[in-house]
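Subject: Structure for you to look through

Hello,

Here is the structure I said I would pass on. Please open it beside this message and follow along.

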Amino acid sequence: VLPARVERRDDGQTILFVGTRWEIKGGPVLARAFERVRRRRPNARLVVIGPSRRPALPDGATWLGPVPFDQMAAHFARATVFALPTLREAFGIAFLDAMACGVPCIGTDVEAVPEIVQHERTGLLVPPADAEALAAAIERLLDLPDLRRRMGELGRREVEARCTWAHVAERLERLLLPPPLPIVEEAG
């Protein structure tokens with residue numbers, strides 16, 4: 001998702017989760033963290049996209065299930081923060097989708113996530129399975145709109161500069177294609 005322009009229509013209270021594998025993507029940890037957030041912010045909302053079956057969710061959380069790809073930019077536009085406290089992550093394309101839409105990210109400090117979410121620059125990283133640290137990170141971003149805006153802008157620029165499909169194709173081409181043969185002039 002790299003919309004031509006970023007639309008931000010968030011309410012300052014909405015946390016978005018996107019992932020089909022609720023447990024491995026840290027959904028239960030996020031649910032516990034969200035319960036903590038709601039104690040201080042009763043108007044906070046959690047929107048869960050991806051799992052085909054409704055997971056156990058606390059009050060204030062909404063499960064949308066699978067959502068068509070062409071509708072995702074609209075959901076990111078309404079998100080204040082994207083939170084994916086994954087326990088395993090080989091790549092993390094959902095983080096790139098959020099960043100492309102100007103949404104600050106909260107992820108875990110595991111596997112590929114720190115390569116995508118730059119701590120204190122495009123988002124925040126927390127230890128895996130730590131609901132308390134996750135709640136604190138969510139509250140910090142909800143409390144600081146200027147920080148959210150800056151992280152969202154930097155995330156968008158990062159995606160534009162190095163993470164579009166054209167960038168991926170260029171890197172693959174360099175890896176997979178042999179270097180051009182040198183031109184040898186014949187003496188003669």
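Below is what was found, from the whole chain down to single residues.

Please keep in mind that this is a predicted model.

**The chain as a whole**

The protein chain contains 7 helices and 6 strands. Their order along the sequence is β-α-β-β-α-β-α-β-α-β-α-α-α. The C-alpha trace covers about 85 × 30 × 30 Å along its principal axes.

Of the 188 residues in the protein chain, 48% are buried. The surface that the protein chain exposes comes to about 10300 Å², and 54% of that is supplied by carbon and sulfur atoms. If you take the contacts between residues at least 6 apart in sequence, 61% of them join residues at least 24 apart. The protein chain carries 26 positive and 25 negative charges, and the mean positions of the two sets lie 7 Å apart.

**A pocket**

The second largest pocket has a volume of about 290 Å³. It is lined by 18 residues, and those closest to its centre are Val18, Gly19, Thr20, Ile93 and Ala94. Two helices, α2 (72-78) and α3 (93-100), each give at least two residues to this lining. The largest share comes from α3, with 3 residues.

**Arginine 8**

Arginine 8 sits in the segment before β1 (14-18). Is arginine 8 buried or exposed? Neither label fits, because its relative accessibility is 32%, which counts as partly exposed; the partly exposed range lies between the 20% limit for buried and the 50% limit for exposed.

Which residues does arginine 8 touch, leaving aside its neighbours within four places in sequence? Its contacts are Phe76, Ala77, Ala79, Thr80, Cys101, Gly102 and Val103. One of these, glycine 102, is 94 residues away along the chain, yet the two C-alpha atoms are separated by 7.5 Å.

**Leucine 96**

Leucine 96 belongs to helix α3. Its relative accessibility is 9%, so it counts as buried, the cut-off being under 20%. In sequence, leucine 96 and arginine 156 are 60 residues apart, while from C-alpha to C-alpha they are 8.5 Å apart.

**Valine 67**

Valine 67 is placed in the loop between β3 (61-65) and α2. Without counting neighbours within four places in sequence, valine 67 is in contact with Ile49, Met72 and His75. Tryptophan 22 is 45 residues from valine 67 along the chain, and their C-alpha atoms are separated by 15 Å.

**Two backbone angles to look at**

Most residues other than glycine have a negative phi. Two residues in this model have a positive one instead.

- Glutamate 120 has a phi near 70°, a positive value, and is not a glycine. This residue lies in the loop between α4 (113-116) and β6 (123-126). With a relative accessible area of 33%, glutamate 120 is partly exposed.
- Alanine 129 has a positive phi of about 65°, and it is not a glycine either. Its place is the loop between β6 and α5 (131-143).

As a starting point, find arginine 8 and glycine 102 in the viewer and compare their places in the sequence with the 7.5 Å between their C-alpha atoms. Then do the same for leucine 96 and arginine 156, at 8.5 Å.

Best wishes

Definitions and conventions. Residues are numbered from 1 along each chain as its sequence is written. This is a predicted model: local features need pLDDT of at least 70, side-chain atom pairs count only at pLDDT 80 or more; totals for chains, interfaces and linings use all residues. Side-chain values use heavy atoms; hydrogens and water are left out. Helices (H or I, at least four residues) and strands (E, at least two) are DSSP runs, numbered from the N terminus. Buried means under 20% relative accessible area, exposed over 50%, partly exposed in between (1.4 Å probe, protein chains only). Contact means heavy atoms within 4.5 Å. Accessible areas come from the Shrake-Rupley method with a 1.4 Å probe; for residues, only the protein chains shown count as cover. Lys and Arg count as positive and Asp and Glu as negative; His and the chain ends are not counted. The place of a charge is taken as NZ of Lys, CZ of Arg, CG of Asp or CD of Glu. On a 1 Å grid over the protein atoms alone, a cavity is a set of points where a 1.4 Å probe fits but cannot get out, and a pocket is an open set with protein on both sides within 12 Å along at least five of seven lines; lining residues have an atom within 4 Å of a point. Grid points are joined across faces, edges and corners, and a volume is the space filled by probe spheres set on the points.
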